Amino acid sequence: MRIVRYTLTERVMHWLAGLAYVYLLIGGLALYAPQLYWLAYLLGGGPAARFWHPWAGLLFTAAMLWMHASWRADMRLTAADRLWSKALRSYIENRDEEVPPSGRFNAGQKQFYYVMAVGTLLLLVSGLVMWFPERAPHGLLPAAVILHEAAALVTIGAFIIHVYMGLFLVPGSFTAIVRGWVSPQWAKAHHRLWFERR
């Protein structure tokens, strides 16, 4: 028996956001530090990376808005999430029997969602100032650069954790976002409240 975890539309939305973010990450790091400029060659060279970076940022923002429209109801924090958060150590140490049941998304996934949502907004606003500095109020550009870098570093950290969790800490998570389905055993073990509501 198979249980649909993510529809095709949700998977397209997720991978659009993910791939756009990876593109932005590579280009952003290349433009951020001279030591990492070699990354620009993966994107067609420095001028190409610089030209397409803001456009990829708009694509990423659009994907995140799509994600918000699709998942905002599932991302509301609940009493179950508060209980789950108190057992975070048990979750990290794979002592699943000590972790309270969660809904479709657990509290950690929701926290990642909100970090990326706020980060996207900060990156967009600061990025627009950097894209069109002549239209920004005088003196705003340095603050925008610092804000862009800070928001980027926070989202990079969150992204690394998200990928690590999906690939290594919770077996079956990555294949779920690729194929779209999970087994009943997986659903019951990791998202029991969601499984029971189906």
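Q: What volume does the largest pocket have?
A: Keep in mind that this is a predicted model. Rolling a probe the size of a water molecule over the atoms shows where empty space is left. For the largest pocket, the volume comes out at about 1100 Å³.

Q: Which residues lie nearest the centre of the largest pocket?
A: There's quite a list to pick from, since the lining has 43 residues. Five of them lie nearest the centre: His14, Gln109, Phe112, His162 and Val163.

Q: Which element gives the largest share of the lining of the largest pocket?
A: Several helices give two or more residues to this lining, among them H1 (8-32), H5 (107-131) and H6 (140-169). The largest share is 8 residues, and it comes from H6.

Q: How many residues in the lining of the largest pocket are charged?
A: Let's go class by class. Nonpolar residues number 30 and polar ones 12. For charged residues, the count is 1.

Q: How much space lies in the second largest pocket, and which residues lie nearest its centre?
A: The space here is about 760 Å³. The lining is made of 29 residues. Nearest the centre are Gly28, His53, Leu123, Met130 and His148.

Q: Which helix gives the most to the lining of the second largest pocket?
A: The candidates that each supply at least two residues are H1, H2, H5 and H6. With 8 residues, the one that gives the most is H6.

Q: How many residues in the lining of the second largest pocket are nonpolar?
A: Start with the other classes: 8 residues are polar and 2 are charged. The nonpolar count is 19.

Methods
Residues are numbered from 1 along each chain as its sequence is written. This is a predicted model: local features need pLDDT of at least 70, side-chain atom pairs count only at pLDDT 80 or more; totals for chains, interfaces and linings use all residues. Side-chain values use heavy atoms; hydrogens and water are left out. On a 1 Å grid over the protein atoms alone, a cavity is a set of points where a 1.4 Å probe fits but cannot get out, and a pocket is an open set with protein on both sides within 12 Å along at least five of seven lines; lining residues have an atom within 4 Å of a point. Grid points are joined across faces, edges and corners, and a volume is the space filled by probe spheres set on the points. Helices (H or I, at least four residues) and strands (E, at least two) are DSSP runs, numbered from the N terminus. Ala, Val, Leu, Ile, Met, Phe, Trp, Tyr, Cys and Pro count as nonpolar, Asp, Glu, Lys and Arg as charged, and the others, Gly among them, as polar.
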